[in-house]
Amino acid sequence: FLAAVAVLPLTTRLLAEYITFRVALALYWANILVVGGILLAAFIYAQRARLLRDDVTREVSRAFVRRVLVAQSLYAFGALLCLANTFWSIGFIVLVQLNYAIAPGHRFVRSIE
């Protein structure tokens with residue numbers, strides 16, 4: 001997981017320098033996909049091995065898995081937008097990231113999830 005996170009600055013830099021190149025965007029998205037996949041796999045492993053605290057309910061576990069899967073789906077859609085325009089794609093991915101950064105602090109957004 002940490003190795004995948006450590007590569008994020010590299011793929012972000014590639015995207016910043018070659019913003020109009022679809023390959024740079026694909027590498028960035030692939031890096032995000034790997035980080036999300038490893039995070040989800042680690043959570044599922046911890047859940048099956050009963051490593052989670054007792055106060056983590058089934059609803060919380062389902063919400064976490066759903067949140068990761070929805071985020072990965074949105075990132076995939078954002079990556080597909082690069083077929084139309086790389087700037088639309090990057091803008092969409094930034095909006096998704098802002099949503100996940102800001103949403104936990106807002107009651108309205110939390111009530112929708």
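**Notes on the pockets and the core**

1. Let's start with the largest pocket of this predicted model. Its lining is made up of 14 residues, and those nearest the pocket's centre are Gly-36, Leu-39, Ala-71, Gln-72 and Tyr-75. The volume of this pocket comes to about 340 Å³.

2. Which helices supply the lining of the largest pocket? At least two residues each come from α2 (22–48), α3 (58–80) and α4 (86–102). The largest share belongs to α3, with 6 residues. By type, the lining of the largest pocket has 9 nonpolar residues, 4 polar ones and 1 charged.

3. Now find the second largest pocket, with a volume of about 240 Å³. Look for Gln-47, Arg-50, Leu-52, Arg-53, Val-56, Thr-57, Arg-58, Ser-61 and Arg-62, which line this pocket. Here, too, α3 gives the largest share, 3 residues. The lining of the second largest pocket divides into 4 charged, 3 polar and 2 nonpolar residues.

4. Next, the core. In soluble globular proteins, nonpolar side chains tend to be buried together. In this model, the largest nonpolar core holds 12 residues, namely Leu-15, Ala-24, Leu-25, Tyr-28, Ile-32, Ala-71, Tyr-75, Cys-82, Ile-90, Ile-93, Val-96 and Tyr-100. Two or more residues of this core come from each of α2, α3 and α4. Ala-71 and Tyr-75 are worth a second look: they belong to this core and also lie among the residues nearest the centre of the largest pocket.

5. Finally, try zooming in on Leu-25, one of the core residues. What does Leu-25 touch, leaving aside its neighbours within four places in sequence? Its contacts are Leu-15, Cys-82, Ser-89, Ile-90 and Ile-93.

Technical notes:
Residues are numbered from 1 along each chain as its sequence is written. This is a predicted model: local features need pLDDT of at least 70, side-chain atom pairs count only at pLDDT 80 or more; totals for chains, interfaces and linings use all residues. Side-chain values use heavy atoms; hydrogens and water are left out. On a 1 Å grid over the protein atoms alone, a cavity is a set of points where a 1.4 Å probe fits but cannot get out, and a pocket is an open set with protein on both sides within 12 Å along at least five of seven lines; lining residues have an atom within 4 Å of a point. Grid points are joined across faces, edges and corners, and a volume is the space filled by probe spheres set on the points. Helices (H or I, at least four residues) and strands (E, at least two) are DSSP runs, numbered from the N terminus. Ala, Val, Leu, Ile, Met, Phe, Trp, Tyr, Cys and Pro count as nonpolar, Asp, Glu, Lys and Arg as charged, and the others, Gly among them, as polar. A nonpolar core is a set of buried Ala, Val, Leu, Ile, Met, Phe, Trp, Tyr and Cys residues joined through side-chain atoms within 4.5 Å. Buried means under 20% relative accessible area, exposed over 50%, partly exposed in between (1.4 Å probe, protein chains only). Contact means heavy atoms within 4.5 Å.
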